[in-house]
Amino acid sequence: MPFVVTEACIQCRYTDCVDVCPMDCFHAGPNFLVIDPDGCIDCSMCVAECPVGAIYSADDLPPEQQHFIALNATLSQRPDWPVLPQSEAPLPEHEKWAEVRNKFEYLDTSPPGTPAG
């Protein structure tokens, strides 16, 4: 089973995981990353790199995070959510957001660079 980025990534978007992915499976949105399940080779290297514990094997996903399997699959196929080939700085206020739970309402699925509105 592929790995899945979950709610903890929202508004943080740490990208340490990107540098260790041998398959370039991470796609970037405005405030969230996703993993392309078709490209993921289940190496698990990204899991330990995430400072907020946002990445899980689909087999180990907590029940309340199951909807992220479909979300990762869908968003990773959008041409306006490009592959992120190398790490970037986390989002502003990432340290504050790293402690916040129940952030799904803040997920921005618009194309990166689109003004919020």
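F68 is buried in this predicted model, with a relative accessible area of 0%, and its ring forms a tilted aromatic pair with that of F32, the centres lying 5.9 Å apart and the planes at 50°. F32 is likewise buried, its relative accessible area being 0%. The two residues stand 36 positions apart in the chain, F32 in the loop between β2 and β3 and F68 in helix α3, and their pairing thus links distant parts of the chain. Together with F104, these two phenylalanines form one aromatic cluster.

Of aromatic pairs, the structure holds 3. One of them joins W97 and Y106, whose ring centres are 4.9 Å apart and whose planes meet at 65°, so that this pair is classed as edge-to-face. The partners are not buried alike: W97 is buried, at a relative accessible area of 12%, while Y106 is partly exposed, at 38%. As a rule, such pairs of rings are described by the distance of the centres and the angle of the planes.

**Helix α3 and the nonpolar core**

The surroundings of F68 lead on to the helix that carries it. In α3, the buried residues are F68, L71, N72, L75 and S76. Because these residues fall within an arc of 115° when viewed down the axis of α3, they line one face of the helix. In general, an α-helix has 3.6 residues a turn, so residues three or four places apart point the same way. Against which strands does the buried part of α3 pack? The buried residues of this helix pack against β1, β2 and β3.

The largest nonpolar core comprises 29 residues, and those with the most contacts inside it are F26, F32, L33, I35 and I55. At least two residues of this core come from each of β1 (3-5), α1 (16-20), β2 (26-28), β3 (33-35) and α3 (67-76). Nonpolar side chains tend to be buried together in soluble globular proteins. The contacts of I55 give a closer view of the core: apart from its neighbours within four places in sequence, I55 is in contact with F3, V4, V5, C17, F26, I35, C46, V47 and C50.

**Salt bridges**

The structure holds 3 salt bridges, and they are set out below with their N to O distances and the accessibility of each partner.

| Salt bridge | N to O distance | Relative accessibility of the partners |
|---|---|---|
| E88 and R13 | 2.4 Å | E88 39%, R13 8% |
| D80 and R78 | 2.9 Å | D80 27%, R78 24% |
| K96 and E93 | 3.3 Å | K96 48%, E93 51% |

Side chains of opposite charge can pair when their charged atoms come close. Which parts of the chain does the bridge between E88 and R13 tie together? E88 lies in the loop between α3 and α4 (94-98), whereas R13 belongs to the loop between β1 and α1, so this salt bridge ties together parts that are 75 residues apart in sequence. E88 is partly exposed, but R13 is buried. In the bridge between D80 and R78, D80 is partly exposed, and R78 is partly exposed as well. For the bridge of K96 with E93, K96 counts as partly exposed, whereas E93 is exposed, its relative accessible area of 51% lying over the 50% cut-off.

**The loop between β1 and α1**

R13 also draws attention through its backbone, since its phi is positive, at about 50°, although the residue is not a glycine. Q11 is found in the loop between β1 and α1, where R13 lies too. The phi of Q11 is also positive, near 75°, and Q11 is not a glycine either. Most residues other than glycine have a negative phi. Is Q11 buried or exposed? With a relative accessible area of 19%, Q11 is buried, as this value falls under the 20% cut-off.

**S110 and the segment after α4**

S110 lies in the segment after α4 and is buried, at a relative accessible area of 19%. Its side chain makes a polar contact of 2.5 Å with the side chain of D108. Leaving aside neighbours within four places in sequence, S110 is in contact with P30, R78 and W81. Among these contacts of S110 is R78, the residue that also forms the salt bridge with D80.

Technical notes:
Residues numbered from 1 in each chain as written. Predicted model: local features only at pLDDT ≥ 70, side-chain atom pairs only at ≥ 80, totals over all residues. Heavy atoms only, no water. Core = buried A, V, L, I, M, F, W, Y, C linked by side-chain atoms within 4.5 Å. Buried < 20%, exposed > 50% of the residue type's maximum accessible area, 1.4 Å probe, protein only. Helix = DSSP H or I, 4+ residues; strand = E, 2+ residues; numbered from the N terminus. Contact = heavy atoms within 4.5 Å. Phe/Tyr/Trp six-rings, centres within 6.5 Å; stacked < 30°, edge-to-face > 60°. Arc of directions from axis to C-beta. Salt bridge = Lys/Arg side-chain N within 4 Å of Asp/Glu carboxyl O. Polar contact = N/O pair within 3.5 Å; in protein donor to acceptor, adjacent residues only side chain to side chain.
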